[in-house]
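Me: I have a structure open and want to learn how to read its features. Can you take me through a few?

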Amino acid sequence: DLSYNEYNPLFMRNGMALQLDVSVADNDTWSNDAIVAGLFDNLAFSVGQFHTETENLREDINYEQDIINGFVQFSLTEGTSVQLEASESEEDKGDASQRLIPEFSNNDTIKITNEVSTIRAGLSHSLNNDTTVLLNSVRREQDFFSTDSTNPFVIVETDIDRSIDLYEAQVTNKQEKLAWLAGISRQAEERESVLDAIYLPPLSCPLPSCVIATQEDVNQLRLYGYLYYEASPMLSLTGGITHLREKREADDDVEKIYPKLGLRVEPETGGVFRLAAFRNRVSVLRTSFYETLEPTQITSFNQLYDDIDQTDSWNYAASYDQRFSKNFQAGISTLHRELETTIDIQETSSIPPTRSSEDLEYDDKYANLWLNWAPSSHWALGLSYSYNRYNLEKELTSSRSSILAPDGILKLESHKLPASISYFHSSGLIGKLTTTYYDQKGKFIDRTGFNILQGEDHGFITDLTFSYRFTKRRGSVSLGIKNLFDETLNQEDRNSYDATDPASSASPSSFTSERAVFGKISLNFR
């Protein structure tokens with residue numbers, strides 16, 4: 001949802017600010033955050049704390065996360081400023097991913113502790129009125145530990161230590177009808193992992209050692225440039241190119257060129273037509289760890305996605321949005337993605353363990369239609385439809401198939417149709433009713449790589465929310481019910497986890513398969 005700060009003034013005055021948020025819900029779910037911020041002429045800073053926890057996402061599956069963050073920005077001169085940021089995050093959880101077939105895809109025996117610390121420094125310097133230089137560096141440390149007791153006779157412990165460095169420099173220039181930017185970035189990861197298989201009596205380790213230790217260093221260097229040209233008030237063009245060089249210890253180096261093209265046409269009839277075609281490659285880092293100054297969109301189409309590490313993709317997108325009147329708008333968009341990736345495979349059945357790789361090809365298709373109508377200043381209606389089809393083209397039948405499909409999805413087709421009605425009263429009272437139809441079917445493979453299961457589910461989920469916004473931007477209070485009619489429904493929420501490893505990366509989904517009552521209060525002091 002939009003944050004409370006969406007409605008703050010565009011300009012801020014010197015002084016201190018405090019924001020507090022608290023929310024509670026069923027299943028012993030609650031969260032809070034507190035942010036203290038200050039602005040004093042050349043200095044701006046903030047210190048924040050966040051906590052969330054929930055119990056019984058499924059039977060005996062809990063989730064808890066704590067984040068502490070500090071940020072400071074200082075203007076050395078009128079055209080030069082520096083930023084410093086530090087954060088600590090800790091998660092204790094089970095497999096919180098939202099799956100279409102939970103009993104087949106979820107790992108309900110895994111327990112995870114994940115600690116991540118981050119330090120970031122940035123510099124912005126204006127060479128003149130048109131040209132700006134940006135520098136950014138990030139150092140991130142991860143300590144990941146998990147225990148998995150899926151097999152009643154074996155406990156598998158995994159300990160992973162990651163050290164991640166990101167460095168980037170960028171130059172931007174803006175003219176009346178022309179803008180360009182150029183940059184260089186480097187991402188590097190050092191990873192040490194230890195897998196320990198603990199056999200419980202009366203079994204004993206069948207190999208000379210049931211401890212497997214691995215170490216890997218990977219890095220990626222990107223040189224990029226983007227050009228934006230406004231040919232006329234109705235026509236604008238985007239062009240870009242990224243030269244990438246990637247090094248991995250176990251594989252051949254990768255060196256490729258990735259072109260980007262975009263077109264935007266805005267006729268006087270109130271419509272906007274956008275086209276884009278671009279190629280991209282995922283960073284060597286896990287998606288949730290990757291940060292970049294490089295543009296993440298081409299004519300408003302995303303070019304960064306939650307794909308498997310080092311995935312190459314060709315992307316083709318088109319959209320048309322039309323404003324029929326001040327109160328009525330509609331649009332349609334589509335995206336076709338062709339993806340290719342190389343998966344590393346470590347064969348632990350042989351002595352000593354051996355490594356190999358295998359190429360995968362798959363595609364991902366999206367389509368979306370929407371319309372919004374505000375018949376009066378108090379009422380708003382919304383209707384949309386989204387379609388997604390994911391297909392792993394290469395059939396997988398070996399015992400390595402669970403590695404080749406790390407999220408366990410071979411095919412997935414999803415339909416989503418939400419309809420909403422909202423009421424806004426001048427006193428600050430807001431009400432919203434949303435009914436969403438879900439229809440999903442897919443083909444999945446389990447972690448053994450041998451068992452394949454097809455599943456589907458469909459139905460309606462209705463959400464109801466009432467809110468009251470305090471005067472003078474002092475905050476808001478909300479009370480709502482998700483899944484109002486307590487419909488039993490399962491859906492695969494690919495946004496609740498990274499495709500590389502759902503169990504270790506997942507956080508709770510906003511989708512709920514049972515009725516949940518929640519309340520929230522936000523307070524803002526300046």
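Reply: We will go through cores, a surface patch and the backbone. This is a predicted model: local features need pLDDT of at least 70, side-chain atom pairs count only at pLDDT 80 or more, and totals for chains, interfaces and linings use all residues. Residues are numbered from 1 along each chain as its sequence is written, and side-chain values use heavy atoms, with hydrogens and water left out.

Me: Which residues touch the most other members of the largest nonpolar core?

Reply: A nonpolar core is a set of buried Ala, Val, Leu, Ile, Met, Phe, Trp, Tyr and Cys residues joined through side-chain atoms within 4.5 Å. Buried means under 20% relative accessible area, exposed over 50%, partly exposed in between (1.4 Å probe, protein chains only). Here the largest core has 22 residues, and L360, Y362, Y390, L392, I409 and F444 touch the most other members. Apart from it lies another core of 10 residues, including L181 and F278.

Me: Is S300 buried, exposed or partly exposed, and what is notable about its phi?

Reply: Most residues other than glycine have a negative phi, and most peptide bonds are trans. S300 has a positive phi, near 75°. At 46% relative accessible area, S300 is partly exposed. K472 also has a positive phi, about 55°, and is not a glycine. K472 is exposed, at 73%.

Me: Which peptide bond is cis?

Reply: The one from P201 to P202, with omega near 10°.
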